[in-house]
Amino acid sequence: MNANSIFKSGLVAAQQPTWPDPEAVKSAVAELESFPPLVFAGECDNLKKRIGEAALGRAFWLQGGDCAETFAAATADSIRNRIKTILQMAAVLQYFSSLPVIKVGRMAGQFAKPRSNDMETRDGVTLPAYRGDAVNDLEFTKDARTPDPKRLVRVYNTSAATLNLVRAFTQGGFADLRQVHSWNKGFAADARFSARYEEMAKEIGRAIQFMQSAGVDPESFKSVDFYSSHEALILEYEKALTRIDSRTNNPYDVSAHFVWVGERTRQLDGAHIDFAEKIHNPIGVKLGPKTTTDEVLAIINKLNSSNEPGRLTFITRMGAGLIREKLPPLVEAVRKSGAIVLWVCDPMHGNTYEAPSGYKTRKFDDVLDEVRGFFEVHKKLGTHPGGIHIELTGDDVTECVGGGEAISHEDLSSRYESACDPRLNHTQSLELAFLVAEMLRDR
(Lines give C-alpha, C1' and ligand atoms only; values in the text may rest on other atoms or scores of the structure.)
Protein backbone atom coordinates (compact mmCIF):
# COMPACT_ATOMS: atom_id res chain seq x y z
CA MET A 1 0.00 0.00 0.00
CA ASN A 2 1.39 3.45 -0.89
CA ALA A 3 0.67 6.65 0.94
CA ASN A 4 0.72 9.25 -1.82
CA SER A 5 -2.57 10.81 -0.74
CA ILE A 6 -1.03 12.21 2.48
CA PHE A 7 1.22 14.66 0.64
CA LYS A 8 0.05 18.13 -0.34
CA SER A 9 -0.39 18.63 -4.08
CA GLY A 10 0.64 21.73 -5.99
CA LEU A 11 3.76 22.50 -3.94
CA VAL A 12 6.94 23.51 -5.74
CA ALA A 13 9.56 20.74 -5.77
CA ALA A 14 13.01 22.20 -6.40
CA GLN A 15 15.82 20.37 -8.21
CA GLN A 16 13.60 17.84 -10.02
CA PRO A 17 14.51 16.33 -13.40
CA THR A 18 12.58 17.43 -16.47
CA TRP A 19 11.22 14.06 -17.59
CA PRO A 20 10.41 14.13 -21.34
CA ASP A 21 7.66 11.47 -21.17
CA PRO A 22 5.03 11.78 -18.38
CA GLU A 23 3.57 8.35 -19.20
CA ALA A 24 6.98 6.70 -18.70
CA VAL A 25 7.19 8.38 -15.27
CA LYS A 26 3.74 7.00 -14.32
CA SER A 27 4.82 3.53 -15.43
CA ALA A 28 8.05 3.65 -13.37
CA VAL A 29 6.21 4.95 -10.30
CA ALA A 30 3.54 2.22 -10.58
CA GLU A 31 6.28 -0.40 -10.73
CA LEU A 32 8.05 1.06 -7.68
CA GLU A 33 4.77 1.16 -5.74
CA SER A 34 4.37 -2.59 -6.28
CA PHE A 35 7.81 -3.46 -4.84
CA PRO A 36 8.52 -4.65 -1.27
CA PRO A 37 10.15 -2.27 1.24
CA LEU A 38 13.94 -1.87 1.14
CA VAL A 39 13.98 -1.22 4.91
CA PHE A 40 11.45 -1.77 7.67
CA ALA A 41 9.63 0.75 9.85
CA GLY A 42 10.82 -0.96 13.03
CA GLU A 43 14.45 -0.50 11.92
CA CYS A 44 13.75 3.21 11.36
CA ASP A 45 12.31 3.44 14.88
CA ASN A 46 15.39 1.72 16.33
CA LEU A 47 17.62 4.23 14.57
CA LYS A 48 15.47 7.10 15.86
CA LYS A 49 16.02 5.90 19.44
CA ARG A 50 19.76 5.76 18.89
CA ILE A 51 19.78 9.26 17.38
CA GLY A 52 17.87 10.42 20.44
CA GLU A 53 20.68 9.04 22.62
CA ALA A 54 23.26 10.87 20.50
CA ALA A 55 21.28 14.13 20.70
CA LEU A 56 21.49 13.85 24.48
CA GLY A 57 25.27 13.37 24.37
CA ARG A 58 25.31 9.61 24.90
CA ALA A 59 26.42 8.44 21.42
CA PHE A 60 28.20 9.66 18.27
CA TRP A 61 26.96 9.59 14.66
CA LEU A 62 29.25 8.44 11.85
CA GLN A 63 27.79 8.77 8.33
CA GLY A 64 29.91 8.04 5.29
CA GLY A 65 29.84 6.97 1.68
CA ASP A 66 29.83 8.16 -1.91
CA CYS A 67 28.97 11.64 -3.04
CA ALA A 68 26.85 10.02 -5.76
CA GLU A 69 26.60 6.27 -6.12
CA THR A 70 26.79 4.85 -9.64
CA PHE A 71 25.35 1.63 -11.00
CA ALA A 72 28.78 0.62 -12.33
CA ALA A 73 30.45 0.99 -8.92
CA ALA A 74 27.88 -1.12 -7.02
CA THR A 75 30.29 -4.08 -6.94
CA ALA A 76 30.95 -6.43 -4.02
CA ASP A 77 34.51 -5.14 -3.64
CA SER A 78 33.49 -1.48 -3.63
CA ILE A 79 30.65 -2.03 -1.15
CA ARG A 80 32.85 -4.16 1.12
CA ASN A 81 35.65 -1.57 1.12
CA ARG A 82 33.25 1.24 2.04
CA ILE A 83 31.84 -0.85 4.90
CA LYS A 84 35.37 -1.76 6.07
CA THR A 85 36.35 1.90 6.09
CA ILE A 86 33.28 2.93 8.12
CA LEU A 87 33.80 0.01 10.54
CA GLN A 88 37.44 1.01 11.02
CA MET A 89 36.53 4.64 11.62
CA ALA A 90 33.80 3.59 14.07
CA ALA A 91 36.21 1.33 15.99
CA VAL A 92 38.70 4.20 16.34
CA LEU A 93 36.01 6.68 17.43
CA GLN A 94 34.42 4.28 19.90
CA TYR A 95 37.72 3.08 21.37
CA PHE A 96 39.00 6.57 22.14
CA SER A 97 35.69 8.20 23.16
CA SER A 98 34.02 5.29 25.00
CA LEU A 99 30.78 6.34 23.26
CA PRO A 100 28.58 4.05 21.16
CA VAL A 101 28.96 4.94 17.47
CA ILE A 102 25.91 4.92 15.18
CA LYS A 103 27.10 3.61 11.80
CA VAL A 104 25.27 5.02 8.80
CA GLY A 105 26.15 4.42 5.16
CA ARG A 106 25.56 7.13 2.61
CA MET A 107 24.66 4.26 0.30
CA ALA A 108 21.91 2.05 -1.18
CA GLY A 109 20.01 5.06 -2.52
CA GLN A 110 22.40 8.01 -3.01
CA PHE A 111 22.01 8.02 -6.79
CA ALA A 112 20.72 11.56 -7.36
CA LYS A 113 22.38 14.96 -7.01
CA PRO A 114 21.14 18.57 -7.06
CA ARG A 115 22.84 20.80 -9.64
CA SER A 116 23.51 24.53 -9.90
CA ASN A 117 22.33 24.61 -13.53
CA ASP A 118 19.80 22.52 -15.44
CA MET A 119 22.00 22.50 -18.53
CA GLU A 120 25.71 22.00 -19.26
CA THR A 121 27.58 23.39 -22.28
CA ARG A 122 30.77 21.90 -23.74
CA ASP A 123 32.38 23.10 -26.98
CA GLY A 124 29.20 24.85 -28.02
CA VAL A 125 26.98 21.83 -27.32
CA THR A 126 24.32 22.24 -24.59
CA LEU A 127 22.77 19.17 -22.91
CA PRO A 128 20.95 18.46 -19.62
CA ALA A 129 23.27 18.43 -16.58
CA TYR A 130 24.16 15.08 -15.02
CA ARG A 131 21.82 14.61 -12.05
CA GLY A 132 23.10 11.23 -10.95
CA ASP A 133 22.54 7.73 -12.27
CA ALA A 134 18.93 7.90 -11.00
CA VAL A 135 18.19 10.38 -13.77
CA ASN A 136 20.72 10.20 -16.62
CA ASP A 137 24.27 9.15 -17.51
CA LEU A 138 27.58 10.96 -17.05
CA GLU A 139 28.53 10.49 -20.71
CA PHE A 140 28.10 13.77 -22.63
CA THR A 141 25.75 12.68 -25.43
CA LYS A 142 22.10 13.53 -26.10
CA ASP A 143 20.90 9.96 -25.45
CA ALA A 144 22.94 9.57 -22.26
CA ARG A 145 21.88 12.93 -20.81
CA THR A 146 18.14 12.61 -21.56
CA PRO A 147 16.38 11.94 -18.21
CA ASP A 148 14.95 8.41 -18.15
CA PRO A 149 12.48 7.40 -15.37
CA LYS A 150 13.26 3.69 -15.93
CA ARG A 151 16.48 4.48 -14.07
CA LEU A 152 14.43 4.93 -10.88
CA VAL A 153 13.52 1.24 -11.06
CA ARG A 154 17.21 0.43 -11.49
CA VAL A 155 17.95 2.56 -8.40
CA TYR A 156 15.58 0.33 -6.41
CA ASN A 157 17.13 -2.89 -7.73
CA THR A 158 20.72 -1.72 -7.19
CA SER A 159 19.84 -0.47 -3.70
CA ALA A 160 18.24 -3.83 -2.86
CA ALA A 161 21.37 -5.69 -4.00
CA THR A 162 23.59 -3.28 -2.04
CA LEU A 163 21.51 -3.66 1.14
CA ASN A 164 21.55 -7.42 0.77
CA LEU A 165 25.35 -7.38 0.76
CA VAL A 166 25.51 -4.82 3.60
CA ARG A 167 23.31 -7.04 5.77
CA ALA A 168 25.42 -10.11 4.93
CA PHE A 169 28.64 -8.30 5.89
CA THR A 170 27.32 -6.69 9.08
CA GLN A 171 25.28 -9.62 10.40
CA GLY A 172 27.25 -12.59 9.05
CA GLY A 173 30.46 -12.30 11.04
CA PHE A 174 32.48 -9.87 8.87
CA ALA A 175 31.75 -6.99 11.30
CA ASP A 176 32.55 -9.06 14.43
CA LEU A 177 34.76 -6.91 16.69
CA ARG A 178 37.09 -9.89 16.92
CA GLN A 179 37.77 -9.31 13.21
CA VAL A 180 39.04 -5.78 13.87
CA HIS A 181 42.53 -6.77 12.59
CA SER A 182 41.25 -8.19 9.32
CA TRP A 183 39.47 -4.95 8.37
CA ASN A 184 42.93 -3.49 7.72
CA LYS A 185 44.08 -6.26 5.37
CA GLY A 186 44.39 -5.43 1.71
CA PHE A 187 44.46 -1.67 2.25
CA ALA A 188 47.50 0.17 0.92
CA ALA A 189 47.38 2.47 3.91
CA ASP A 190 49.76 5.13 5.22
CA ALA A 191 52.18 3.27 7.50
CA ARG A 192 51.73 5.74 10.37
CA PHE A 193 47.99 5.19 10.64
CA SER A 194 48.20 1.48 9.82
CA ALA A 195 50.60 0.94 12.72
CA ARG A 196 48.47 3.03 15.06
CA TYR A 197 45.36 1.16 14.00
CA GLU A 198 47.04 -2.21 14.52
CA GLU A 199 48.09 -1.21 18.03
CA MET A 200 44.52 -0.21 18.85
CA ALA A 201 43.24 -3.48 17.33
CA LYS A 202 45.60 -5.46 19.58
CA GLU A 203 44.31 -3.62 22.65
CA ILE A 204 40.69 -4.32 21.64
CA GLY A 205 41.64 -7.98 21.09
CA ARG A 206 43.22 -8.23 24.55
CA ALA A 207 40.15 -6.63 26.16
CA ILE A 208 37.86 -9.12 24.40
CA GLN A 209 40.08 -12.06 25.44
CA PHE A 210 39.95 -10.83 29.04
CA MET A 211 36.14 -10.67 28.97
CA GLN A 212 35.89 -14.12 27.37
CA SER A 213 38.23 -15.58 30.03
CA ALA A 214 35.86 -14.14 32.64
CA GLY A 215 32.95 -15.94 31.00
CA VAL A 216 31.58 -12.91 29.09
CA ASP A 217 30.81 -13.49 25.40
CA PRO A 218 28.36 -10.79 24.33
CA GLU A 219 26.33 -11.32 21.18
CA SER A 220 26.94 -7.65 20.42
CA PHE A 221 30.55 -8.46 19.44
CA LYS A 222 29.32 -10.59 16.56
CA SER A 223 27.34 -8.14 14.43
CA VAL A 224 26.65 -4.44 14.10
CA ASP A 225 23.63 -2.33 13.26
CA PHE A 226 24.38 -0.53 10.01
CA TYR A 227 21.82 1.92 8.64
CA SER A 228 21.24 3.27 5.14
CA SER A 229 20.71 6.91 4.22
CA HIS A 230 20.46 9.22 1.23
CA GLU A 231 19.16 12.63 0.24
CA ALA A 232 15.41 12.54 -0.38
CA LEU A 233 15.71 14.42 -3.65
CA ILE A 234 13.62 12.85 -6.43
CA LEU A 235 10.14 12.89 -4.98
CA GLU A 236 8.60 10.46 -7.48
CA TYR A 237 10.96 7.80 -6.11
CA GLU A 238 10.59 8.65 -2.41
CA LYS A 239 6.78 8.93 -2.52
CA ALA A 240 6.46 5.67 -4.48
CA LEU A 241 8.41 3.95 -1.70
CA THR A 242 6.38 5.44 1.14
CA ARG A 243 4.25 2.83 2.89
CA ILE A 244 1.76 2.73 5.77
CA ASP A 245 3.26 0.71 8.64
CA SER A 246 0.91 -2.11 9.63
CA ARG A 247 1.87 -1.78 13.33
CA THR A 248 1.16 1.91 13.76
CA ASN A 249 -0.70 3.08 10.62
CA ASN A 250 2.03 5.72 10.23
CA PRO A 251 3.73 6.43 6.87
CA TYR A 252 7.43 5.59 6.46
CA ASP A 253 9.75 6.13 3.52
CA VAL A 254 11.02 2.57 3.14
CA SER A 255 13.74 3.52 0.63
CA ALA A 256 16.18 4.11 3.55
CA HIS A 257 16.32 4.25 7.33
CA PHE A 258 17.32 7.93 7.35
CA VAL A 259 16.73 10.54 4.65
CA TRP A 260 17.74 14.18 4.58
CA VAL A 261 16.54 17.34 2.87
CA GLY A 262 19.32 19.28 1.18
CA GLU A 263 20.32 22.92 1.48
CA ARG A 264 18.82 23.63 -1.96
CA THR A 265 15.46 21.95 -1.33
CA ARG A 266 14.55 22.91 2.25
CA GLN A 267 12.07 25.68 1.39
CA LEU A 268 9.54 25.73 4.24
CA ASP A 269 6.63 25.93 1.80
CA GLY A 270 8.18 23.45 -0.65
CA ALA A 271 7.36 19.86 -1.50
CA HIS A 272 10.49 18.36 0.13
CA ILE A 273 9.77 19.74 3.60
CA ASP A 274 6.13 18.69 3.24
CA PHE A 275 7.34 15.18 2.40
CA ALA A 276 9.72 15.11 5.40
CA GLU A 277 6.95 16.36 7.69
CA LYS A 278 4.59 13.53 6.73
CA ILE A 279 6.91 10.50 7.05
CA HIS A 280 7.92 9.01 10.42
CA ASN A 281 11.56 8.19 9.62
CA PRO A 282 14.29 10.08 11.42
CA ILE A 283 14.98 13.13 9.24
CA GLY A 284 18.04 15.26 8.51
CA VAL A 285 18.17 18.82 7.19
CA LYS A 286 21.30 20.40 5.72
CA LEU A 287 22.15 23.92 6.96
CA GLY A 288 24.53 26.17 5.02
CA PRO A 289 26.20 29.46 6.04
CA LYS A 290 23.22 31.61 4.99
CA THR A 291 20.83 29.82 7.38
CA THR A 292 19.12 32.14 9.87
CA THR A 293 18.00 31.36 13.42
CA ASP A 294 14.38 32.04 12.37
CA GLU A 295 14.68 29.40 9.62
CA VAL A 296 16.11 26.83 12.02
CA LEU A 297 13.34 27.37 14.57
CA ALA A 298 10.71 27.23 11.81
CA ILE A 299 12.14 23.91 10.54
CA ILE A 300 11.96 22.50 14.07
CA ASN A 301 8.36 23.66 14.43
CA LYS A 302 7.45 22.12 11.08
CA LEU A 303 9.28 18.78 11.37
CA ASN A 304 9.35 18.08 15.11
CA SER A 305 6.79 20.20 16.94
CA SER A 306 6.34 17.42 19.52
CA ASN A 307 10.10 17.51 20.31
CA GLU A 308 10.53 13.75 19.83
CA PRO A 309 14.16 12.78 20.57
CA GLY A 310 15.88 11.39 17.46
CA ARG A 311 13.34 12.74 14.98
CA LEU A 312 15.44 15.68 13.71
CA THR A 313 19.14 15.99 12.84
CA PHE A 314 20.78 19.20 11.64
CA ILE A 315 23.73 18.58 9.31
CA THR A 316 25.80 21.76 9.10
CA ARG A 317 27.88 22.55 6.00
CA MET A 318 29.41 25.97 6.62
CA GLY A 319 32.96 25.80 5.25
CA ALA A 320 36.13 25.91 7.34
CA GLY A 321 36.33 29.72 7.12
CA LEU A 322 32.77 30.33 8.35
CA ILE A 323 31.94 27.55 10.85
CA ARG A 324 33.15 29.45 13.95
CA GLU A 325 31.13 32.53 12.96
CA LYS A 326 27.92 31.07 11.51
CA LEU A 327 27.25 28.03 13.71
CA PRO A 328 27.13 29.53 17.25
CA PRO A 329 23.93 31.61 16.79
CA LEU A 330 22.09 28.60 15.37
CA VAL A 331 23.17 26.23 18.15
CA GLU A 332 22.41 28.83 20.80
CA ALA A 333 18.92 29.52 19.40
CA VAL A 334 18.11 25.80 19.38
CA ARG A 335 19.51 25.34 22.89
CA LYS A 336 17.41 28.21 24.22
CA SER A 337 14.29 26.82 22.51
CA GLY A 338 14.68 23.52 24.38
CA ALA A 339 14.44 21.54 21.14
CA ILE A 340 16.21 18.15 21.11
CA VAL A 341 18.19 17.85 17.88
CA LEU A 342 21.33 16.01 16.86
CA TRP A 343 24.07 18.30 15.52
CA VAL A 344 26.22 16.70 12.81
CA CYS A 345 29.14 18.29 10.92
CA ASP A 346 29.41 17.88 7.15
CA PRO A 347 32.94 19.25 6.54
CA MET A 348 32.91 18.34 2.85
CA HIS A 349 30.38 20.46 0.97
CA GLY A 350 31.49 23.90 2.16
CA ASN A 351 35.11 23.29 1.19
CA THR A 352 34.99 22.37 -2.51
CA TYR A 353 37.03 24.31 -5.07
CA GLU A 354 38.42 23.81 -8.56
CA ALA A 355 42.08 22.83 -8.87
CA PRO A 356 44.19 24.45 -11.61
CA SER A 357 43.78 21.22 -13.61
CA GLY A 358 39.98 21.65 -13.60
CA TYR A 359 39.23 18.87 -11.09
CA LYS A 360 36.85 19.61 -8.23
CA THR A 361 38.74 18.95 -5.01
CA ARG A 362 38.91 19.62 -1.27
CA LYS A 363 41.85 20.18 1.05
CA PHE A 364 42.13 17.63 3.84
CA ASP A 365 43.25 20.45 6.17
CA ASP A 366 40.03 22.39 5.43
CA VAL A 367 37.91 19.29 6.17
CA LEU A 368 39.75 18.81 9.45
CA ASP A 369 39.54 22.51 10.35
CA GLU A 370 35.77 22.59 9.87
CA VAL A 371 35.39 19.59 12.19
CA ARG A 372 37.70 21.27 14.70
CA GLY A 373 35.61 24.47 14.52
CA PHE A 374 32.43 22.41 14.99
CA PHE A 375 33.86 20.90 18.19
CA GLU A 376 35.08 24.29 19.44
CA VAL A 377 31.63 25.87 19.02
CA HIS A 378 29.86 23.07 20.88
CA LYS A 379 32.45 23.04 23.66
CA LYS A 380 32.02 26.80 24.17
CA LEU A 381 28.22 26.53 24.27
CA GLY A 382 28.12 23.37 26.40
CA THR A 383 26.35 21.33 23.72
CA HIS A 384 27.19 17.96 22.19
CA PRO A 385 29.13 17.74 18.88
CA GLY A 386 27.01 14.78 17.84
CA GLY A 387 28.56 13.39 14.67
CA ILE A 388 30.24 13.73 11.29
CA HIS A 389 28.93 13.29 7.73
CA ILE A 390 31.74 12.36 5.32
CA GLU A 391 31.96 11.67 1.60
CA LEU A 392 34.41 8.77 1.43
CA THR A 393 35.40 5.67 -0.46
CA GLY A 394 37.23 2.55 0.65
CA ASP A 395 39.45 2.79 -2.43
CA ASP A 396 42.80 4.54 -2.82
CA VAL A 397 41.58 7.35 -5.04
CA THR A 398 43.22 10.75 -5.45
CA GLU A 399 40.35 13.24 -5.17
CA CYS A 400 41.09 15.34 -2.05
CA VAL A 401 44.51 16.98 -1.63
CA GLY A 402 46.69 16.72 1.47
CA GLY A 403 46.52 14.28 4.35
CA GLY A 404 49.30 11.93 5.39
CA GLU A 405 49.86 10.87 1.78
CA ALA A 406 50.32 14.56 0.79
CA ILE A 407 48.21 14.22 -2.39
CA SER A 408 48.93 17.25 -4.62
CA HIS A 409 46.94 19.01 -7.35
CA GLU A 410 49.16 17.20 -9.85
CA ASP A 411 48.22 13.82 -8.31
CA LEU A 412 44.46 14.32 -8.81
CA SER A 413 44.44 12.95 -12.36
CA SER A 414 46.07 9.62 -11.39
CA ARG A 415 42.95 8.10 -9.73
CA TYR A 416 40.05 10.53 -9.85
CA GLU A 417 36.97 8.29 -10.03
CA SER A 418 34.10 10.25 -8.47
CA ALA A 419 31.08 10.88 -10.69
CA CYS A 420 30.43 14.15 -8.87
CA ASP A 421 32.24 15.53 -5.79
CA PRO A 422 35.68 14.55 -4.42
CA ARG A 423 35.80 11.93 -1.63
CA LEU A 424 38.30 11.13 1.08
CA ASN A 425 40.15 7.91 0.29
CA HIS A 426 40.60 5.09 2.77
CA THR A 427 43.79 6.45 4.34
CA GLN A 428 42.46 9.99 4.66
CA SER A 429 39.24 8.65 6.24
CA LEU A 430 41.20 6.68 8.84
CA GLU A 431 43.45 9.67 9.54
CA LEU A 432 40.37 11.85 10.07
CA ALA A 433 38.88 9.24 12.43
CA PHE A 434 41.98 9.34 14.67
CA LEU A 435 41.96 13.15 14.74
CA VAL A 436 38.21 13.33 15.48
CA ALA A 437 38.63 10.62 18.15
CA GLU A 438 41.15 12.84 19.93
CA MET A 439 38.68 15.74 19.85
CA LEU A 440 35.93 13.48 21.21
CA ARG A 441 38.17 12.16 23.96
CA ASP A 442 39.11 15.71 24.99
CA ARG A 443 35.62 17.20 24.69
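Which handedness does the crossing of H11 and H12 have, left-handed or right-handed? Keep that in mind as you open the viewer; this is a predicted model, and the tour starts with that pair.

**Stop 1: H11 and H12**

Select residues 364-381 for H11 and residues 426-441 for helix H12. Their axes come within 11 Å and cross at roughly 20 degrees. An angle under 35 degrees counts as roughly parallel, so H11 and H12 are roughly parallel to each other. And the opening question? The crossing of H11 and H12 is right-handed.

Now show the side chains where these two helices touch. On the H11 side, pick Phe-364, Val-367, Leu-368, Val-371, Arg-372 and Phe-375. On the H12 side, pick Gln-428, Glu-431, Leu-432, Leu-435, Val-436, Met-439 and Leu-440. Colour them by class and you get ten nonpolar residues, one polar and two charged in the contact of H11 with H12.

**Stop 2: H10 and H11**

Keep H11 on screen and add helix H10, residues 323-337. The axes of H10 and H11 come within 9 Å and cross at roughly 40 degrees. That angle makes H10 oblique to H11. Here, too, you are looking at a right-handed crossing, that of H10 and H11.

Which residues of H10 meet H11? Select Ile-323, Arg-324, Leu-327, Pro-328, Val-331, Glu-332 and Arg-335. Facing them in H11 are Asp-369, Glu-370, Arg-372, Gly-373, Phe-374, Glu-376, Val-377, His-378 and Leu-381. Sorted by class, the contact of H10 with H11 has seven nonpolar, two polar and seven charged residues.

**Stop 3: Ile-323**

Zoom in on Ile-323, which sits in helix H10. Is Ile-323 buried or exposed? Ile-323 counts as buried because its relative accessibility is 0%. Try drawing a C-alpha to C-alpha distance from Ile-323 to Asp-369: you should get 9.1 Å, across 46 residues of sequence.

Next, light up what Ile-323 touches, leaving aside neighbours within four places in sequence: Thr-316, Met-318, Pro-328, Glu-370, Gly-373, Phe-374 and Val-377.

**Stop 4: Asp-346**

Now hop to Asp-346, in the loop between strand S11 (342-345) and strand S12 (352-354). Asp-346 counts as buried, because its relative accessibility is 0%.

What does the side chain of Asp-346 make a polar contact with? Show His-349: the two side chains make a polar contact at 2.6 Å. Then look at Met-348, whose backbone nitrogen lies 2.9 Å from a polar atom of the Asp-346 side chain.

Leaving aside neighbours within four places in sequence, Asp-346 is in contact with Lys-286, Ile-315, Thr-316, Arg-317, Glu-370 and His-389. Two of those names may ring a bell: Thr-316 and Glu-370 also came up among the contacts of Ile-323.

**Stop 5: Cys-44**

Head back along the chain to Cys-44 in helix H2, residues 41-55. With a relative accessibility of 0%, Cys-44 counts as buried. Select Asn-281 as well: Cys-44 and Asn-281 are 237 residues apart in sequence, yet 5.7 Å apart in space, C-alpha to C-alpha.

To see the surroundings, add Val-39, Tyr-252, Ala-256, His-257, Asn-281 and Pro-282, which Cys-44 touches when residues up to four places away in sequence are not counted.

**Stop 6: H3 and H5**

Select helix H3 (residues 76-97) and helix H5 (residues 150-171), which pack at an angle of about 50 degrees with their axes 10 Å apart. That makes H3 oblique to H5. The crossing of H3 and H5 is right-handed.

From H3, show Ala-76, Ile-79, Arg-80 and Ile-83; they meet Thr-162, Leu-165, Val-166, Phe-169 and Thr-170 in H5. This contact of H3 with H5 divides into six nonpolar residues, two polar and one charged.

**Stop 7: two backbone oddities**

Most residues other than glycine have a negative phi. Go to Gln-15, in the segment before helix H1 (22-33), and you find a positive phi of about 60 degrees. Gln-15 counts as buried, at 18% relative accessibility.

Finish at Asp-123, in the loop between strand S3 (119-122) and strand S4 (125-128). Phi of Asp-123 is positive too, near 50 degrees. Asp-123 counts as exposed, at 81% relative accessibility.

Definitions and conventions
Residues numbered from 1 in each chain as written. Predicted model: local features only at pLDDT ≥ 70, side-chain atom pairs only at ≥ 80, totals over all residues. Heavy atoms only, no water. Axes fitted to C-alpha atoms, helices over the stretch in contact; angles between N-to-C directions. Helix = DSSP H or I, 4+ residues; strand = E, 2+ residues; numbered from the N terminus. Parallel < 35°, antiparallel > 145°, perpendicular 65-115°, else oblique. Left-handed = near helix turned anticlockwise from the far one by under 90°. Contact = heavy atoms within 4.5 Å. Nonpolar A, V, L, I, M, F, W, Y, C, P; charged D, E, K, R; others polar. Buried < 20%, exposed > 50% of the residue type's maximum accessible area, 1.4 Å probe, protein only. Polar contact = N/O pair within 3.5 Å; in protein donor to acceptor, adjacent residues only side chain to side chain.
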